[in-house]
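Colleague: I'm new to this one and would love a friendly tour. Could you show it to me?

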Amino acid sequence: MRRVYSIAALLLLPLAASAHHSFLSRFDRQSLMELEGDVTALLWRNPHTYMTLRVADADGGSTDWEVETSSLSVLRRQGVVDTFAVGDHVRIAGFPPVAAKKEIYVRHVLLADGRELLMDTGLKPRWSERTVGGADSVLAVRVGDPSHPELGIFRVWSFVRNGPRLFREVVDPTFDVQSYPMTDAARAALAKFDFATQSPTANCAPKGMPTIMEQPYPIELVQLDNGDILLRIEEYDLERTVFMNGRVARELTEPTPLGFSTGAWDGRTLVVTTRRMSWPYFSQIGIPQSPAAEIVERFAPTEDGSRLDYSLTVTDSATFTEPVTLSTYWIYVPGVELLPYQCAERHQ
């Protein structure tokens, strides 16, 4: 029999870590539990949406349950945003906590009118055939549209939810991070890193290069009038400029989190070299990056225009004993646009 709790209220949650490896450790993804009650506060936001549930106890008291679910960007594309509000009575099912803290990661929400909200892609209904969300979206499709090869590289490219991830350590708890060819100094720095207190993206701090390229949302490549290229990234509403004029003096630029990028064409492939990054991490789990790091990226559209193959190679002798190359791809889905990210800090 499913466990069902009566809920009297929903409160705002404390800020939760945005990295998925932290999320995986907090919830039991092998089971679901149910709660039921009234919404008293709700925050539709990136990187995750938050609520809290006040559960009525058998003795007449109540217990507050903190509720977390998918990002605003995912829920917008699922058509779920603003389907319920403060004051609504809801029933929810989600991953229970592994510790004593009263928190739950919600996958299903049943509204008073009988509609069931599926809070991520690929979910099956739990209670009702009247569902909102859950279907394959631009974040879940596997095959791109091959009908527009003439568009070349300059268009919106969509993330593939079930495709290869650039940084496996962010989403795969079985990945052996020690398999990276790290120097002794880098391994020592990683061993000292505490995500709970040193999260590089806490309070909506945007990622730098190369970490930002693992973001799970669409990107857009735009040709500027002067020949340079603008790479628009949905996460954190970031923009990278790739300077195509080889005479630009990179030595005159100050280091920034995204670094200084110059580009050249290798046939149809855009090759981008980035230096002068002030971002101190290779990936957000704490692998360090030195100011001397150099990143070479390759953006290669397939012949039929359905896919954009991508690789990055990081050369950083302070962190790695040899260059490290990672790869992934995006696909073309007509009609997709970048959405405002609207990351919101949690003020205590």
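Modeller: Here are a few questions and answers on this structure. It is a predicted model, where local features need pLDDT of at least 70, side-chain atom pairs count only at pLDDT 80 or more, and totals for chains, interfaces and linings use all residues. Residues are numbered from 1 along each chain as its sequence is written, and side-chain values use heavy atoms, with hydrogens and water left out.

Colleague: How many strands does the protein have?

Modeller: Helices (H or I, at least four residues) and strands (E, at least two) are DSSP runs, numbered from the N terminus. On that basis there are five helices, and the strands number 18.

Colleague: Is Tyr-50 buried or exposed?

Modeller: Tyr-50 sits in strand β4, which spans residues 49-56. Buried means under 20% relative accessible area, exposed over 50%, and partly exposed in between (1.4 Å probe, protein chains only). Because its relative accessible area is 2%, Tyr-50 is buried.

Colleague: Which strand gives the largest share of the largest nonpolar core?

Modeller: A nonpolar core is a set of buried Ala, Val, Leu, Ile, Met, Phe, Trp, Tyr and Cys residues joined through side-chain atoms within 4.5 Å. The largest one has 45 residues, and Trp-330 is among those with the most contacts inside it. Several elements each supply at least two of its residues, including α4 (184-192) and β18 (324-331). The largest share, four residues, comes from β17.

Colleague: How many residues are in the other core that lies apart from it?

Modeller: Met-33, Val-39, Val-90 and Leu-111 are among its members. This separate core has 23 residues.
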